[in-house]
Amino acid sequence: TSADGAALFNISGTSYLENVTVVGNRGGGLVFNDDATLVNLTITGNSGGCCWVTTSAALNAFGSGTVVTLVNSMLAGNSPSAAFFAGPDSPPNCVTADGGSIVSLGNNLLGDLAGCELSPLPSDILAEDADLNPIGPNGVLVPTLNPRITSLLVDGGDADSCPAGDARGISRPEDGNGDGSASCDIGAVELREDGLFVSGFEEL
C-alpha cells in the first residue's frame, strides 16, 4: 500500500478477520475505527504511516470505545513509520489513540508493545522473530508465510478459539512438529507434517 493507505481501513461497523496474512504494507497494516475481532492472523513485515490521528503502526485502534481483540495471532516483526516527522521512537507493531484499545484474549505471539497499551496474558508469547519461511504461494492462490518446525507459533494456539481450517484450507489442529500431539498453531497457517519427514522447508 501507499505511504498512508494501510491494507484495510474500517471507519464504521464491526469487523471479524480469521486466517488473514497482513504483510508488506506501508502506511500501516490494519486500521480500525470500530470494534474488531482478529482470530489466527499473521501481521508482520509492515511499516507504519504518518498522518492519521497519530503515527500509525501495523495494527491500529482509533476512536472512543473502539476495541480490537486478538487471539491466536502473531503481531511482531513490523517496522516504525518511515515518515521524516514520525520520529525514531514511532511504535512498529500497534498504536491506540483517541480512546481506542487493543486487548489480548490469549495465545498470541507479540513483539514490541510500545504504543499498544496492551496487557499480555500468561498464554501470550513475547518475541519479535517467529521463524517463518519466506512468503510464497505454498500450493494455494493466496500467498502465505508458513512457520518453520522450530517456530514459536507451532502448537501455541488456544484450542477453543481455533478455526476448523487455516488460510489454505488445511484442517486444524495438525501435528506439524511430529511430537505426537495435534495442537492449534498461532497465525494464519497450520504447519502440516510431511508424509515422510517433518521439514522446515515444507510447502503445505
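## Leu59 and the main core

Leu59 makes a good place to start: leaving aside residues up to four places away in sequence, Leu59 touches Leu30, Phe32, Leu38, Val68, Leu70, Leu75, Asn93, Cys94, Val95 and Ile102. Keep in mind as you look around that this is a predicted model. The largest nonpolar core has 19 residues, and Leu59 is among the three that touch the most other members, together with Leu30 and Leu38. Two or more residues of this core come from each of strand 4 (30-32), strand 5 (36-39), strand 7 (59-62) and strand 8 (67-71). Apart from this core lies another one, of nine residues, including Ala76, Ala127, Ala130 and Leu132.

As general background, nonpolar side chains in soluble globular proteins tend to be buried together. Some nonpolar residues here are found on the surface instead: Val67, Val103 and Leu105 form a patch there, with about 210 Å² of accessible area together. Leu105 sits in the loop between strand 11 (101-104) and strand 12 (109-110).

## The chain as a whole

Stepping back, the protein chain has 13 strands and zero helices. Reading from the N terminus, the elements therefore run as β after β, with no other kind in the series. Of the 204 residues in the chain, 51% are buried.

Contacts also reach along the sequence: among those between residues at least 6 apart, 53% join residues at least 24 apart. The chain exposes about 8,600 Å², and carbon and sulfur atoms supply 55% of that area.

## Two disulfides

The count of disulfides comes to two. One joins Cys94 to Cys116, with an S to S distance of 1.7 Å. The torsion about this S-S bond is about 80°, so the disulfide of Cys94 and Cys116 is right-handed. Cys94 lies in strand 10 (residues 94-97) and Cys116 in the loop between strand 12 and strand 13 (125-126), so the pair ties together parts that are 22 residues apart in sequence. Both Cys94 and Cys116 are buried, and Cys94 is one of the residues that Leu59 touches.

The other disulfide is formed by Cys162 and Cys184, whose sulfur atoms are 2.2 Å apart. Here the torsion about the S-S bond is about 85°, so the disulfide of Cys162 and Cys184 is right-handed. Cys162 and Cys184 are each in the segment after strand 13, and the pair links distant parts of the chain, 22 residues apart. Cys162 is buried, and so is Cys184.

## Three salt bridges

Side chains of opposite charge can pair when their charged atoms come close. This structure holds three salt bridges. In one of them, the side chains of Arg148 and Asp131 meet at 3.3 Å, N to O. Both residues are in the segment after strand 13, so this pair ties together parts that are 17 residues apart in sequence. Arg148 is partly exposed, with a relative accessible area of 23%, and Asp131 likewise counts as partly exposed at 23%.

Arg168 forms a salt bridge with Asp166, and their closest N and O atoms are 2.7 Å apart. Arg168 and Asp166 are both buried. Glu190 and Arg172 also meet through their side chains in a salt bridge, at 2.8 Å from N to O. Glu190 and Arg172 are in the segment after strand 13 too, so they tie together parts that are 18 residues apart in sequence. Glu190 is buried, as is Arg172.

## Backbone details worth a look

Most residues other than glycine have a negative phi, and most peptide bonds are trans. With that in mind, have a look at Arg172 once more: a cis peptide bond joins Arg172 and Pro173, with omega of about -10°. Pro173 is placed in the segment after strand 13.

Two asparagines also deserve a visit. Asn40 has a positive phi, near 55°, and is located in the loop between strand 5 and strand 6 (42-43). Asn40 is buried, with a relative accessible area of 0%. Asn107, which is not a glycine either, has a positive phi of about 60°. Asn107 lies in the loop between strand 11 and strand 12, the loop where Leu105 of the surface patch is found. With a relative accessible area of 16%, Asn107 is buried.

Methods. Residues numbered from 1 in each chain as written. Predicted model: local features only at pLDDT ≥ 70, side-chain atom pairs only at ≥ 80, totals over all residues. Heavy atoms only, no water. Core = buried A, V, L, I, M, F, W, Y, C linked by side-chain atoms within 4.5 Å. Buried < 20%, exposed > 50% of the residue type's maximum accessible area, 1.4 Å probe, protein only. Helix = DSSP H or I, 4+ residues; strand = E, 2+ residues; numbered from the N terminus. Contact = heavy atoms within 4.5 Å. Patch = residues over 30% accessible without salt bridge, like charges linked within 9 Å, V, L, I, M, F, W, Y side chains within 5 Å. Areas by Shrake-Rupley, 256 points an atom, 1.4 Å probe, with all protein chains shown as cover. Salt bridge = Lys/Arg side-chain N within 4 Å of Asp/Glu carboxyl O. Disulfide = S-S within 2.5 Å.
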